[in-house]
Amino acid sequence: MWLLSTDRAVLKYFNGPEDVKGGYAILSHVWKKQEQSFQEVQGLLYQDGVPRDRTSAKLRESCMLAEAHGYQWIWIDTCCIDKSSSAELSEAINSMFEWYARAQVCYVFLHDVPKHEQPDATGSAFRRSEWFTRGWTLQELIASDLVVFLSKTWTVLGTKASLARVLEEVSGIDADVLTFRRKLSDVSIARRMSWAAGRRTTRVEDEAYALMGIFGVNMPTIYGEGRRAFQRLQEEIIKQSSDQTIFAWGDAVPFSSLPLTTRDTHTFRARDSDSYLLASSPAAFTNSADIVPVSMDVAAHIASNLCRGGKLRTMQSFIRERLGHAATSRMHVPEFTVTSHGVRCRLLIIEDRTGESSFSAAVLACQHVCSDTGARTGIALVLQRSDTPAGSNTAKSSVQYHTGLPLNLNAEDRRHHRRQRLLILNSAPAHNLPHDHARRLTIRWRKLYLAQQPLAQDRLRFGSGGVALVPTIPLRFLFPSWLLVELDKRGFRSQHAPGPGPVVEKGAGSVAGLRTPVLYTRWHMRSVVFANAATGEAFAIQLGRCEDALWATVSFTPASSCSSLAGDGTVEEEDEAYPLEVHQYTSPDECERHHISCWPDGSKTFGDGDRSVRLTFSRRQQEPDDLYVVNVQLAGHVYKGVRRVGRVFSQEDHEPVPVVELAGVIR
């Protein structure tokens, strides 16, 4: 590790903290622009005078304060890591928690807190400091024994010990953990993750790297891997810990909400991060702070009482008859192994006795503890069996499972636009299942595979058969500029349908793009109308959403029904809007035939032999997952001969126009 001398600001290399005689101080702060790097500080040696005098104000004040407190060395992350060396950077990131833990003092510089601040005051600048929102500062707060908080003028505001209760309120970290009265390893994984849920990092990979020390794991740092880093972090945690609270994140519903006896299949969306076993970011654990690990015996006892009402069988007979153990033997231990086919697990499963239901529940060895009453409830994970393609040779034991209850099974949750992953297991009599329902269920240990979130470049963009999947909202639609030009060659330009219409944006002498108004609610739709000035023909592409599905259709207006247009292709002010038919659906059954998720290859043709429009929705590899690209093809006897009045664009005389999005945000 490199350390900076406090008297001269000269860098020196040490093999480790144990080699630093007299110890060292360390700085925690929020990075700002123009921080001095390792190379820049090294370069000060070749200039006249004392190097410390030419360092930045932050480095200089840090050195002066540490020197005044009797420390010869200080570590500052901006200049004590040679980031030009990937090996040194990786070593520093993996060692950083220990470096902060081994420091004699950690100075926390709060650039946005004045010197006369009262940290414990409600709404104080201390409580609102940016330092509490950064990802890296979490481990720096936890690891260090002695933490001294400094104002923006480098005056002391207090220590971690004296401000422990305030820090607990601001950060969510237990005061006992901050003051080392409770071991960090005794805190559940879910609770530790929840501390990082509201924090942010400049690089997405640092969401994971900043947590390695808190969970006591080490792994290579690979900048550029994106959210795969957080998945690797969880995989490393699973290898070292049996704490199943790492799986207890997301929304929860009562056990009775799970359709354990249905055989209906329900599709999942590959981009839904909550349909996989592992979380995509610490934010998933926002509501998991009160989940604690328990023994598997306790978890199984709650599950058995729930299903059997606590009346039919004792716990001993349950263990002996349902799990194949003698009453005095130990229960199976859950297993988790990461493979290329997903996470291979051995779990206690609640399922339909026939074993053919689409859904089941995996009992987790953890409980939710109510912070107000202390009441405890068991936790289970919703499992949904993935469809096996017809003719597949996949063995039953190799079938993948996804997590979460599909939205279309619970209307109340549709407004949240996310799956419900967890089940609440409450052994109180009021929460028991009906006797006839409970008798159809069985509890047993099973080995199965739980799906892992695919890598970014491998994420599915289409469902089976090439059908475009309905993305999570908000949605966006893109009419490429080349398409607008080709329609213009046929004489069709965008016009206003009844109600607020699309906005035509001009660029470089030609149409540059198109934007529709916002679609605000379910069952709401807008039309993009294209009209021909010469013939009066018009058609409208209608886009809308019912519940969680996107639909599209086309309406036609023959020439005899149309208003006249001005010579430049725009609607004259005195003209009325086109009397196009509007498909306003009020139930899924009415519009299901127009759901684009049901279109073969994402395409469908509307119209007849005289006029037809073929719509195709596709995706672009480099575009966001929530963007649909729209293509329009015209056919039919009437449209076949239609051409634009006046000059016709051609490939030779038309310059390429930049693509502009048609943004339809569906809430």
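**Exercises: a sheet and its salt bridges**

In this predicted model, S5 stands opposite W73 in β4.

**Exercise 1.** Place strand β4 in its sheet, and find the edge strands.

*Solution.* Start with the pairing of β1 and β4. Residues 2-5 form β1 and residues 73-75 form β4; 2 bridges join them, and the strands run antiparallel. Next, read the whole order: β2-β1-β4-β3-β5-β6-β7, an open sheet of 7 strands with mixed pairing. The edges are β2 (11-13) and β7 (156-159), each paired on one side only. From one strand to the next, the twist averages 30°.

**Exercise 2.** Which strands does helix α3 lie across?

*Solution.* Helix α3 spans residues 86-102. The strands are β1, β3, β4 and β5. The helix runs at about 105° to β3.

**Exercise 3.** Analyse the contact between E67 and R52.

*Solution.* Take the distance first. N to O is 2.8 Å. The cut-off is 4 Å, and the pair is a salt bridge. Now locate the partners. E67 sits in helix α2 and R52 in the loop between α1 and α2, so the bridge ties together parts 15 residues apart in sequence. Finally, check accessibility. E67 is partly exposed at 36%; R52 is buried at 14%.

**Exercise 4.** Is E351 buried or exposed, given 4% relative accessibility?

*Solution.* Buried means under 20%, so E351 at 4% counts as buried. Its salt-bridge partner is R444, with the closest N and O atoms 2.5 Å apart. E351 lies in strand β11 and R444 in strand β16, 93 residues apart. R444 is partly exposed at 34%.

Definitions and conventions:
Residues are numbered from 1 along each chain as its sequence is written. This is a predicted model: local features need pLDDT of at least 70, side-chain atom pairs count only at pLDDT 80 or more; totals for chains, interfaces and linings use all residues. Side-chain values use heavy atoms; hydrogens and water are left out. Two strands pair if DSSP finds at least two bridges between them. Helices (H or I, at least four residues) and strands (E, at least two) are DSSP runs, numbered from the N terminus. Axes are lines fitted to C-alpha atoms, for helices over the stretch in contact, and angles run from 0 to 180 degrees between N-to-C directions. Contact means heavy atoms within 4.5 Å. A salt bridge is a side-chain nitrogen of Lys or Arg within 4 Å of a carboxyl oxygen of Asp or Glu. Buried means under 20% relative accessible area, exposed over 50%, partly exposed in between (1.4 Å probe, protein chains only).
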